[in-house]
Amino acid sequence: MNKYAVIGNPVDHSLSPTIHAQFAKQIGLSMSYKKILAPLDGFSVAAKNFISSGALGFNITVPFKVEAYDLIDEYTLNAKTAGAVNTIKVENGTLYGENTDGIGLVNDLCNNLQQSIKGKDILILGAGGATQGILLPLLECQPERILVANRTKTKSLKLANNFSEYGKVCGFGLDQIKAKPVDIIINATSASLDGKMPEIAPGVAAGALCYDLMYGKQTPFMQWARENSALAVTDGLGMLVEQAASAFAFWHGKTPETKEVLKSLRETTD
Ligand code: ATR
């Protein structure tokens, strides 16, 4: 049996087994995909045990994506610039590491939400691992510029500097974001996890597509966007399905259809 899994902590909530089962069905592939709960200090042991059991690949979710990077023999450019890995392929004893989060976001924006990124002004809130994971694929779509605004300004300045070779990206403090509207706002902070909204000027949301990388019916960011005249508001469920599709393609060489899978998940999670 082709063995795959997602390793995380917590992992119980993960929709990845459902998504990959639907993708596998599309191409008549027989595979197993399970959830592995690793102790917070036990990721590498859990990963190595799974590999020794004959695994062909696995996904990595919170909080192990950076730790997973250290296991890898060969990186894609996405994984390298993200400094984190969410997909590992095992082939003849070699571990190949990819990060499909940013591609997932871009594919959701462009294909599912019919947004073009080229020439757009994009504001990203947060300068942690999530932002680092999405910057390269976004910059490759040639936006006019990307503003990265973070509560701790030094982090956004550093991140912007690290990515400047790939396009126009500038770092700011959250308090420097004034009411000038942008085309797309992406919430890549972990504030929603605490039921909070990053503090920024409300006027910036007017007419923007507001995208929360978290998924859920109504995050504080989505509520803020609706109250402040956003053009459209979305959570990250589409990104979740699209990053899984890219991981599936990385393993199996075939890109699955995502629309029906996203639709069925939307029906069951709403
Ligand atoms: P992740 O891997 O999810 O990005 P992280 O690397 O810990 O997690 O980064 C969390 C991000 O959310 C950071 O940019 C953090 O801001 P700081 O760098 O100032 O800590 C941001 N964040 C978390 N809670 C926030 C809040 N209540 N308001 C604004 N930003 C917040």
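Q: Why is arginine 266 called partly exposed?
A: Buried means under 20% relative accessible area, exposed over 50%, and partly exposed in between (1.4 Å probe, protein chains only). Arginine 266 has a relative accessible area of 26%, so it counts as partly exposed. This is a predicted model, in which local features need pLDDT of at least 70 and side-chain atom pairs count only at pLDDT 80 or more, while totals for chains, interfaces and linings use all residues. Residues are numbered from 1 along each chain as its sequence is written, and side-chain values use heavy atoms, with hydrogens and water left out.

Q: What makes the pair of arginine 266 and aspartate 235 a salt bridge?
A: A salt bridge is a side-chain nitrogen of Lys or Arg within 4 Å of a carboxyl oxygen of Asp or Glu. The side chains of arginine 266 and aspartate 235 meet at 2.9 Å, N to O, so the rule is met. Arginine 266 lies in helix H10 (residues 259-269) and aspartate 235 in the loop between strand E12 (232-234) and helix H9 (237-252), so the pair ties together parts that are 31 residues apart in sequence. Helices (H or I, at least four residues) and strands (E, at least two) are DSSP runs, numbered from the N terminus.

Q: Why does aspartate 235 count as buried?
A: Its relative accessibility is 4%, and the limit for buried is under 20%. Aspartate 235 is therefore buried.

Q: How do you know that aspartate 121 and arginine 145 form a salt bridge?
A: Their side chains meet at 3.2 Å, N to O, which satisfies the limit of within 4 Å. Aspartate 121 lies in strand E7 (residues 121-125) and arginine 145 in strand E8 (residues 145-150), so this pair joins parts 24 residues apart in sequence.

Q: What makes lysine 65 and aspartate 101 a salt bridge?
A: The closest N and O atoms of lysine 65 and aspartate 101 are 2.9 Å apart, so the pair fits the rule of within 4 Å. By this rule the count comes to three salt bridges.

Q: Why is asparagine 86 called buried?
A: Asparagine 86 has a relative accessible area of 3%, so it is buried. Asparagine 86 is found in the loop between helix H4 (77-82) and strand E5 (87-91). Contact means heavy atoms within 4.5 Å. Not counting residues up to four places away in sequence, asparagine 86 touches several residues, including Phe58, Lys65, Asp101 and Gln243.
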